[in-house]
Structures are given as C-alpha cells and as structure tokens.
Amino acid sequence: MKIWIDFINTPQVSFFEPLINELGGNGHEFILTCRDSSNTVQLLNQKKWRYHIIGNSVKKSTTSKILAFPKRVRNLVHYIKGKKVDIAIGQSSFYLPIASKIMGIPSIYTNDNEHAMGNIPSFFFATKILLPESMSIKKALRQGASKTKIIQYPGIKEGVYLWSKGYEIQKRRDLHKSTRIYIRPEPQTAQYYNGKLNFLDNLLLDIKDQYDITILARDKNQVEHYGQPKFLNIKVPSRTMEFSEVASDCILFIGAGGSMTREMAIIGVPTISVYQGDLLDVDRYLIDQNLMKHEPNLTKEFIETFFGGIRKKTYNDSLISKGKSAYHLIQTTLLELSEKVNNRSLH
C-alpha cells in the first residue's frame with residue numbers, strides 16, 4: 001500500500017511517527033510532503049525520512065491566505081499525480097482532503113482544533129474524519145462534517161504517539177532532577193493565532209535571573225529575538241530539541257501554543273498554558289483533569305506560588321492507555337478504508 005501524508009506543522013511529525021515506523025516496517029510505502037514552516041523540516045531531517053517540500057509558512061493577511069491556499073493544492077496535485085497513491089491521511093492539513101478528492105484518492109482527515117476554519121472544506125472533501133473524544137461533535141457538524149464520516153478516538157491527539165515512549169521518559173524524569181524551566185513561545189505565523197506577539201518578554205525579564213530558562217523557539221525570528229542582550233542568561237537552542245530530551249529535563253513547562261503544552265501535561269510535567277486565544281475542548285479537558293493550569297497573564301508571583309504547590313506528579317496511565325487504543329484505531333481505519341476502496345476497484 002502506498003500512503004501519502006502531508007505535514008504542515010511541527011506536531012504532525014511526532015503524530016505520524018509510530019504509524020510510519022510500523023507500517024513502513026511491514027512493507028508499506030510512504031510519500032511525504034511538507035510545508036516549510038516552524039521546525040517541521042528540521043524534525044523531518046532528524047527522522048531521516050525522505051520528503052518533498054511544497055510551500056512555506058503563509059503570511060497572516062487574509063489576501064495572502066486566499067492566494068496561497070489554491071496554489072499549494074495545485075502544487076500538491078501536480079506532485080502526487082501519477083504516483084499511484086492508495087490512500088492519504090493528514091493531521092490538520094486542510095490541503096490534503098481537497099487535493100485527494102481532485103485525484104480520486106480516499107483520504108482521512110483528523111484535527112483537534114474546533115476553531116480552525118480549514119475544517120470546513122476538509123470535512124466536506126475527506127472520506128473519513130477522525131476526532132478526539134473530548135472534541136464536540138456538535139461543533140464539527142456545524143462546520144459541515146457528516147455523522148457518517150466521523151470516528152471518535154479515545155483520549156487526545158498527543159496520546160496517539162506518546163504511549164510508545166511515555167514510560168521511558170518518566171523513568172528518565174525520576175532519575176534526572178532538573179531545575180530548568182522550558183518555555184515555548186506563541187505560534188506567530190500560525191493561521192489560527194490572533195494573540196499578541198512577544199507577550200512573554202516582560203515575564204522573562206522578571207524571572208531570568210532567578211530560574212534556569214530555555215526558550216524553545218519556533219523559527220529563526222524567535223531565535224534572533226530571544227538572543228538579544230536583554231535576555232542574557234536565557235538559553236535559546238538553535239537546533240530543534242527532541243520532546244523526550246525536553247520532558248526529561250523540565251521542572252516546569254510554560255507553553256503559548258497547543259500541542260507541546262498538552263504533550264508535557266499528559267506525561268506528568270508541571271505545565272502552565274499561557275495560550276492567548278479561545279481554549280480548545282481538548283485543553284479544557286486537561287484543565288478539568290488537573291493536568292495543567294491556564295494563566296494567559298502569567299506573572300512571576302504566580303510561578304512562585306505554583307512552584308510552592310507542586311507535588312510529585314505521576315505518569316497518567318489513563319490517557320496513555322487511551323492513546324495506544326487511539327493509535328490502533330487510526331491504523332485500523334487506514335488499512336480498512338484502503339482495502340475497501342481496492343476491493344471496489346477490482347469489481
């Protein structure tokens with residue numbers, strides 16, 4: 001079976017890693033395309049996968065988005081056409097379901113962001129839709145999803161790939177007593193992000209002489225910004241750090257985005273979300289489970305109080321177990337849909 005995956009942002013590399021490793025090891029072939037945005041290409045290089053870059057990060061203006069969308073769909077069709085792809089699957093790639101429909105390729109679309117406007121065309125053109133159980137079906141239906149297409153998987157997206165490495169990370173955390181705070185700034189170029197830019201600057205200046213801090217920059221612009229002399233003593237790695245490396249060395253994670261913040265929360269790392277927009281259903285779920293805090297106007301005083309109340313967190317077996325079940329559900333859906341389509345073509 002030949003499977004096409006389109007990556008448009010960093011978290012999707014981790015999301016599909018177990019699937020690529022397992023199915024690739026069983027003789028299935030993958031065709032990978034990506035948009036050169038955030039740390040996506042760096043991570044793909046670390047995995048040593050073969051991929052093809054089609055497009056880069058889109059400017060946030062409405063005009064740029066309107067012009068860039070059909071152009072990338074067209075370019076994807078041009079690249080994939082003739083490669084005899086059996087099935088396509090994408091996490092948050094709004095382009096993939098449309099390009100797949102044009103070429104007559106069955107597609108699976110999955111997303112955990114109910115606010116994403118790209119869900120509307122994706123829900124319409126996708127063959128199957130996979131959503132986390134904590135995401136409101138009513139919201140998906142309002143965006144045009146069909147009940148007959150929707151399959152809900154247990155837990156949250158991050159559990160789909162963390163189940164295979166979670167216990168190992170937890171052991172490393174138990175052995176390594178860190179004092180380092182890791183901070184992931186806002187996704188400045190993301191189409192869904194409408195919050196302030198560099199809003200963490202004042203907080204960083206307040207705490208940089210009190211704590212060991214590492215900034216996990218998303219791109220060269222953020223590396224340069226946090227490399228300014230005023231942020232002296234703050235570490236800003238130029239390379240993309242692996243999740244397990246960060247999780248094993250983190251006493252507190254502060255995240256202005258989504259995926260990495262949720263990753264840290266379900267693995268047992270004390271986590272504060274400073275996300276500036278409307279929270280997703282999956283984020284509210286983690287907050288309700290007391291796995292993370294949400295404090296969009298984070299202060300030095302809040303961090304000090306938070307540290308004072310931290311108790312040793314345990315590995316969340318429930319969410320990780322659900323993640324394993326979700327992974328197998330996604331794999332089964334992929335294989336069954338491909339087999340169903342192939343059987344139809346034979347008759």
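In what order do the 5 strands of the open sheet lie? In this predicted model, select the strands and read across them: the order is β9-β8-β10-β11-β12, and the pairing is parallel. The edges of the sheet are formed by β9, at residues 212-215, and by β12, at residues 293-294, each of which pairs on one side only.

Stay at the β12 edge and add β11, residues 271-273, to the selection; these two strands run parallel and are joined by 2 bridges. To look at a particular pair of residues there, pick S273, whose bridge partner in β12 is H294.

Next, show helix α14, residues 300-309, which packs on the sheet and touches β8 (180-184), β10 (252-255), β11 and β12. If you compare directions, that of α14 makes about 140° with that of β10.

Now move on to a pair of helices, selecting α12 at residues 259-266 together with α13 at residues 281-288. Their packing angle is about 25°, and their axes lie 11 Å apart. Because angles under 35 degrees count as roughly parallel, α12 and α13 are roughly parallel to each other. Their crossing is left-handed.

Finally, display the side chains where the two helices come together: on the α12 side, choose R262, A265 and I266, which meet V282, D283 and L286 of α13. Coloured by residue class, the residues of this contact divide into 4 nonpolar and 2 charged, with no polar ones.

Technical notes:
Residues are numbered from 1 along each chain as its sequence is written. This is a predicted model: local features need pLDDT of at least 70, side-chain atom pairs count only at pLDDT 80 or more; totals for chains, interfaces and linings use all residues. Side-chain values use heavy atoms; hydrogens and water are left out. Two strands pair if DSSP finds at least two bridges between them. Helices (H or I, at least four residues) and strands (E, at least two) are DSSP runs, numbered from the N terminus. Contact means heavy atoms within 4.5 Å. Axes are lines fitted to C-alpha atoms, for helices over the stretch in contact, and angles run from 0 to 180 degrees between N-to-C directions. Angles under 35 degrees count as roughly parallel, over 145 as roughly antiparallel, 65 to 115 as roughly perpendicular and the rest as oblique. A crossing is left-handed if the near helix is turned anticlockwise from the far one by less than a right angle, and right-handed if clockwise. Ala, Val, Leu, Ile, Met, Phe, Trp, Tyr, Cys and Pro count as nonpolar, Asp, Glu, Lys and Arg as charged, and the others, Gly among them, as polar.
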